[in-house]
Amino acid sequence: MDNRIDNEDLRVFATAARKASFAAAAEELGMSPAYVSKRIGILEQMLGVKLFHRTTRRVIVSEDGERVYAHAMTILENLDSLLHEMAERRDVPRGLLRISSSFGFGRNVVAPVVARLVAEHPSLQVRFEVFDRLVDIVAEGFDLDIRVGDEIAPHLIARKLMANHRILCASPAYLKRHGTPRSLQELAGHNCLAIKERDLPFGVWTLHSGGTEEKVKVTGSLSSNHGEIALQWAVAGAGIVLRSHWDAQPHLASGELVQVLPQYTQSANVWAVYPQRLAGSAKVRVCVEFMEQQLAQR
């Protein structure tokens with residue numbers, strides 16, 4: 001058997017195994033599904049085993065494929081470690097960097113910073129994706145997650161990029177019609193615009209005043225998994241919203257929104273989160289430092 005296996009074929013196979021789909025692997029790698037299938041076919045021929053059981057809807061890793069996957073991950077991690085170490089020595093960020101973030105913050109804040117990052121470091125390529133859920137960056141193959149919220153898993157490294165908090169606010173028109181709440185308990189009688197955040201229970205607002213934490217169950221006729229939509233509803237007079245200060249500030253400045261119960265806030269700092277194995281990566285380090293610098297200017 002020819003033992004000159006292409007490392008990229010191992011990477012294609014490992015991605016297809018993780019995604020359980022040639023099409024999904026092709027999308028992640030920027031290849032065509034046909035090319036992914038071809039490279040896996042070549043790898044199967046070289047190894048003399050069937051790596052996948054193929055059906056019309058998905059691919060399932062075979063028993064031999066599981067063994068190959070374990071070895072492939074070791075080889076690829078060692079190779080990545082070598083490349084990261086060499087990049088660290090050169091101190092030049094290069095190659096593909098996969099970054100994730102949430103919908104609103106990702107689109108409005110992170111995306112422009114990513115564009116400036118690539119303009120400043122032309123050897124770097126970034127694939128940026130936004131989600132309405134908390135991303136498992138290790139399992140899903142991301143190098144970096146730019147996250148709003150302080151719940152960080154212990155197996156990840158987190159670096160605070162920007163202090164931030166969420167505030168309660170509503171339009172003057174809504175408060176004129178329904179009155180201004182004077183306590184958290186009074187929120188139960190108001191139309192609250194709940195947002196399905198990535199890291200928080202839906203419809204439960206946990207707020208702090210001084211050193212005291214209080215939880216309040218809120219309800220309303222409108223809810224969304226997209227914070228910008230809820231903020232637009234609040235500006236239009238539909239109800240009270242709990243939203244990050246960075247997002248609400250322009251509307252507060254213009255008078256479209258008014259802060260409600262200003263003694264209460266919810267911690268929502270901005271973090272760069274990445275796996276332990278990338279702690280020494282030049283591209284991750286440079287990106288995190290660049291993000292920190294750019295967000296500090298806000």
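In this predicted model, the buried residues of helix α7 pack against four elements: α5 (103-120), β8 (192-195), β12 (240-244) and α8 (245-254). Helix α7 itself spans residues 227-235, and its buried positions are G227, E228, A230, L231 and A234. These residues lie on the same side of α7, because the arc they cover around the axis is only 160 degrees. After α7 comes G237, a residue with a positive phi, near 90 degrees.

A further buried position occurs in a strand. D145 belongs to β5, which is formed by residues 144-148. The relative accessible area of D145 is 0%, so the residue counts as buried, the cut-off being under 20%. The side chain of D145 is not without a polar partner: a polar contact of 2.7 Å links it to the side chain of S100.

Towards the start of the chain, an unreviewed UniProt entry places the feature "domain: HTH lysR-type" at residues 5-62. In the model, helix accounts for 62% of this span and strand for 10%. The C-alpha atoms at the two ends of residues 5-62 are 19 Å apart.

Helix α3 comprises residues 33-47 and includes R39. The relative accessibility of R39 is 16%, and R39 therefore counts as buried, since the limit is under 20%. When neighbours within four places in sequence are left aside, R39 is in contact with D9 and V12.

Notes: Residues numbered from 1 in each chain as written. Predicted model: local features only at pLDDT ≥ 70, side-chain atom pairs only at ≥ 80, totals over all residues. Heavy atoms only, no water. Buried < 20%, exposed > 50% of the residue type's maximum accessible area, 1.4 Å probe, protein only. Arc of directions from axis to C-beta. Contact = heavy atoms within 4.5 Å. Polar contact = N/O pair within 3.5 Å; in protein donor to acceptor, adjacent residues only side chain to side chain. UniProt positions renumbered as here; feature names shortened; annotations may be inferred.
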